[in-house]
Amino acid sequence: MPVTVMLLLVTLCVQGRNGDAKEEAQRPGHVSVVVVGGTGDLAKKYLWQGFFELYAKQVRSGNTFSFYGGGLAPSDKAAPVLFETLKAVSCFKHVSPEQCALFKEQFLRLSQYRQLKTRKDYQDLAKHIEQELRQEEMTEAGRLFYLSVPAFAYADISGKINSSCRPNGGAWLRVVLEKPFGHDLRSAQELASQLRSSLRDDEMYRIDHYLGKQVVAKILPFRAKNKKFLDSMWNKHHIERVEIVLKETLDVKGRIQYYDQYGVIRDMLQNHITEIMTLLTMRLPVNLSSSEQVMQSKLQIFRSLLPLGKTQAVVGQYQAYRAEVPQELNHTDDHVTLTPTFAAVLAHIDDAQYEGVPLLLISGKMLDERVGYARVLFKNDVFCLQNHGSVHCKPKQIVFHFGHGSLKYPAILVSKNLFKPALMDSEWKEVTEHSDLSLLGLPISEYYVQTPVEHREAYSELISQIFAGRKNSFVSTENLLASWGLWTPLLDSLAESYPRIYPGGAENGDLLDVRVKGKEIGFHNEVVIINNDIGGTSPNGFQVMHGKFRSDEMVSAWAEELVERLALDLQEAAEAAVQKGGVFHVALSGGSTPLALFHRLAQHHFSFPWRSTHVWMVDERCVPLTEVESNFRHLHDHLLYHVKIPYHNIHPMPVQINHRLCVDEDGGAPRYEKEIRTLVNGSSFHFVLLGVGHDSHVASLFPGSSLSGEHGESLVAITESPFKPHQRMSLTFKAINQAQVVAVLVMGKGKHDMITQMSRVKSNPDKWPVTGLRPADGRLIWYMDYDALLG
């Protein structure tokens, strides 16, 4: 029987489903759906059910369909597997058994398996689709390819689709990609570039199934619907903290080949939790249905998030994981894996609306229950003197409950001491009869509760949106790269960290409880578990050491502890100077080495006397101060922007005068020197922080010139660098050696050879500039991490 006739027959038998979401208008016609990886686990569990529901909803729309399950296996082996899956799909509850039988029979008739391995296979598929269109005299609406395959295959398959299987005549093409979308920022950029060579951005749908969960999809509409209540309270003055928690009880057996490469942060936090976080904190766009406006609001959040480092995360690993890895990956039994299966991350948004509000992002395997929720906990300004059980003194919170857990169903809950939320729409209902249970510190009866009238699977929701061409619930390229830009530095910093071992399930007890202190997070229970068989030297095996280097003071530790010690010493020097003379003058160097120190100062040293501190530059490249190469730009972006320091206390070097860079007759160096002599008592800085290059240059004083004699009594000079940009402005040895404390920060294995050489040579500033550091009346202190010291 012809496809169109059979569809009309089914249409006459079926009544439309009440309450269906309106689909966006698009050209009706024939739609070819191709599921590449159509016999895999994801397709069996969710995708074919989702496409069956799409078909059932669309039979009255004027569209006709063909469904293809594609794979690498030949048809005789894979086709029976596909059809067993298709036979197992189920109908909506309101559909009668007779109607359901008709739906399923036609769905099977419209489906077939095709081997999709070579470019010719895709060419043959295209010919088959075009032949079917001609025979049935159908207009083509579009082609939907769902790539349920490993990410490494995306580029190859997209290339074959582009060259061999694109529709003609104005029909649309939509290609759906499953996570993971890369392993870090670099790999995500590479993948994005590869895909862009075959597909336009509007043709790609990166799917994050959490965005299809009914509660997650309603976060923005809920905020918009209740704007009159939330506008005044959705800010740092009222929000105590935000929590996004995804807990699972299962282990990762059977998935370890994938999981051991990715771990919990890449698997859950970088995508699902990050997307939910942006929905909770982004500025509401004027038009919620505009994917462009939604994306721009999300990107603004990424631009405002503070960097994530080791002190913003704790990680764990369930005890059995270590034994499971060699079993599945054929490693030896003594193989050690540092892949975390649990992570708690503390994020902060550097924005006037959310300044200081902690965002707790948590996920893990083998925990006590399966549940997912996002909670916005508000500050309570009511104190109940006698009636401590009063509703006014109980937690004030909004909970977006994704499902499972003790509540079991998805819901949005608002504690009754906040406000009564407006009912979402006709697809949602208010729950008025409550069971005897509590949720996050409140009995369920003390919440206003809303839940979907009909609970639908996330994949079914997203497949419907893909068909309609709606992109709000999908991850754009810009969004993806911004997310990886946030998470990659944290992942790199945790690469060698040993996760806390936990037994799993209820036995975890309080082992994974976390404590937030300022902008740091740590485990509340500071239990120490020693694994004698791990081998190697743990960073925790060394403490901060004091010694001598070239007859001067030396402080050594692992990088994190070293930066912490330097920050403490710097604050101590600042407090002593302010107490003695009311002002602290510090000169800071550029480059990447001090960035960790800047972050430490900005995020932890809130009592630092910034208002009495003057910040000077040790050296500057001859580029505009707004350029990314500028040392001042680095200092501003990573420190000055984040602390309360008076504008007139900041002293960038005047490398650009009269729209010219470092021109002698403009007198930039003498101008800076005059400013130092005027403001700094005796031209003696309290503290000078320096780095040292691989060629032993310090500040912008490079090998190859008679540096001591060349600049004489000058405090500031224009110098020449062997690296671009060649011109620099720099403090001279005269200025540096007059300081009360000169600190040299040396970090990284790449500096080990230079440090070894410096330990053996005599002072020769012309050949080894760093040896020219000889404070006249002050102290020279070397701060070296163990990588630089020990190699």
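**Surroundings of Lys 160 and architecture of the ten-stranded sheet**

Leaving aside neighbours within four places in sequence, Lys 160 is in contact with Lys 117, Thr 118, Arg 119, Tyr 122 and Cys 165. The model examined here is predicted. Lys 160 lies in helix H6, which spans residues 154-164. The relative accessible area of Lys 160 is 9%, and this residue is therefore classed as buried, the cut-off being under 20%.

A separate element of the model is an open sheet of 10 strands with mixed pairing, in which the strands follow the order E14-E17-E13-E12-E11-E7-E10-E9-E8-E19. The edges are occupied by strand E14 (428-431) and strand E19 (500-502); each has a single partner strand, so one side of each is left without a neighbour in the sheet. From one strand to the next, the twist averages 15°.

At the E19 edge, pairing with strand E8 (residues 313-318) is in the parallel sense and extends over three bridges. Tyr 318 stands opposite Tyr 502, a residue of E19.

Two helices that pack on the sheet were also examined. Helix H11, formed by residues 256-281, touches strand E7 (239-247), E8, strand E9 (342-347), strand E10 (359-364), strand E11 (371-378) and strand E12 (396-404). The direction of H11 makes about 145° with that of E10. Helix H15, formed by residues 477-494, touches E8, E9 and E10, and its direction makes about 60° with that of E8. Strands E8, E9 and E10 are thus touched by both H11 and H15.

Conventions: Residues numbered from 1 in each chain as written. Predicted model: local features only at pLDDT ≥ 70, side-chain atom pairs only at ≥ 80, totals over all residues. Heavy atoms only, no water. Helix = DSSP H or I, 4+ residues; strand = E, 2+ residues; numbered from the N terminus. Buried < 20%, exposed > 50% of the residue type's maximum accessible area, 1.4 Å probe, protein only. Contact = heavy atoms within 4.5 Å. Pairing = 2+ DSSP bridges. Axes fitted to C-alpha atoms, helices over the stretch in contact; angles between N-to-C directions.
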